[in-house]
Every structure is written in C-alpha cells, then in structure tokens.
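The following paragraphs lead through a structure step by step, beginning with one residue and moving outward to its surroundings.

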Amino acid sequence: MPSGTTDVVELILRDHRRMEELFRTLRSAEADRAAALREFSALLVAHSEAEEDEVYPALRRYKNVDGDDVEHGVHEHKEANEALLALLEVKDTMSEEWEEKLEALVTAVNHHVDEEERTLLNDTRENVGDDRRAELGRAFRDARAKHLDADCGSVDHVRELVA
C-alpha cells in the first residue's frame, strides 16, 4: 500500500497493523514497554476517535453498510478504552498484573479489529466509491492528527473517555 494513500480503508488497516506490531513489543520483556504503551495508547485513542468523528457517521448513511456494525464498533471502542486504562494504571511493566491487563487489552482490540475488517471495512470497500473513500481518508487522517497533537493517549484523557 503506497505511503501517500488517502483511502480510508487502507489508512485504518495501516493503523491496525501498527497496533499488532506494538502488541508484539509490549509482550517483549526486553523492550521499552512504557514507551511502546505510550505510542499504542495515543494511536488507539486517536484512531478510535477519528473513526467515530469522521468515518462512522458517514458510513451510517450507506444503505449497504450495516448500521448495527457501526454501533457495535463504537461499543467495542469503549471496551478497548477500558482495557487500555487498566493497563495504563499498572506501574510495574514487568509484573504479572501488567501481563494480565495487556492480554485483556490485546483480546479486546484484536476482537474489534477482526470484526471491523470482516464487516465494516469490507462493506466500505464494496459500497463506497474511490473518491468518497479518499475524502473520508483525508478527514480521518486530519482528525487522527488533531487527536495525537492533543496528547489523546494520556492516562488523564483515557480516564475521561472511560468515565
């Protein structure tokens, strides 16, 4: 996939693959887990909020995109944020508690990614024209950047999202 793509489906998939890479780092005892968690937290929150700000509202308007899938995605974002907060609140990255909370986060995010890729993203690819996907991609990318610039992955912000 070209780095300059604006196709919303490709941009979302790229974030999903980066999250998977970060999970591998977070599981590694030799890695800088705290730094990887900071990057993961920012990416997950910016990605989810950009989807909810720009992508999901647009997809609700397509008759061949299941609105229930969109609502389910929003619900799963909340579950992922709750699991993220639980991990962010663990102080010792080498503890058993860290491992347990990390696996809960991995489970929540992987479940969402799998469902979103099989349902919403396939429906989007099939039913939304190239130009509109590019438009949505630009809006997603811009919203994501705005959230990243606002330090959206901070523990305080994640607490606000979960509250």
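In this predicted model, Thr124 touches Val8, Val9, Leu59 and Arg133, when residues up to four places away in sequence are not counted. Thr124 itself has its place in helix 4, which covers residues 96-127, and because its relative accessibility is 2%, where the cut-off for a buried residue is under 20%, Thr124 counts as buried.

From there one may turn to the nonpolar interior. The largest nonpolar core has 27 residues, and those with the most contacts inside it are Phe23, Leu26, Phe40, Leu44, Leu84, Leu105 and Val109. At least two residues of this core are supplied by each of helix 1 (8-27), helix 2 (33-59), helix 3 (67-88) and helix 4. Leu44 illustrates the contacts involved: with its neighbours within four places in sequence left aside, Leu44 is in contact with Met19, Ala80, Asn81, Leu84, Leu105 and Val109. Apart from this core lies another, of 19 residues, among them Ile12, Ala50, Tyr56 and Ala58. In soluble globular proteins, nonpolar side chains tend to be buried together.

Helix 3 deserves a separate look. With 22 residues, helix 3 reaches 32 Å from its first C-alpha to its last, which is close to the 32 Å expected at 1.5 Å a residue. The buried residues in helix 3 are Val70, Gly73, Val74, Glu76, His77, Ala80, Asn81, Ala83, Leu84, Leu85, Leu87 and Leu88, and what covers the buried residues of this helix includes helix 2, helix 4 and helix 6 (155-162).

Key:
Residues numbered from 1 in each chain as written. Predicted model: local features only at pLDDT ≥ 70, side-chain atom pairs only at ≥ 80, totals over all residues. Heavy atoms only, no water. Helix = DSSP H or I, 4+ residues; strand = E, 2+ residues; numbered from the N terminus. Buried < 20%, exposed > 50% of the residue type's maximum accessible area, 1.4 Å probe, protein only. Contact = heavy atoms within 4.5 Å. Core = buried A, V, L, I, M, F, W, Y, C linked by side-chain atoms within 4.5 Å. Expected span 1.5 Å × (residues − 1).
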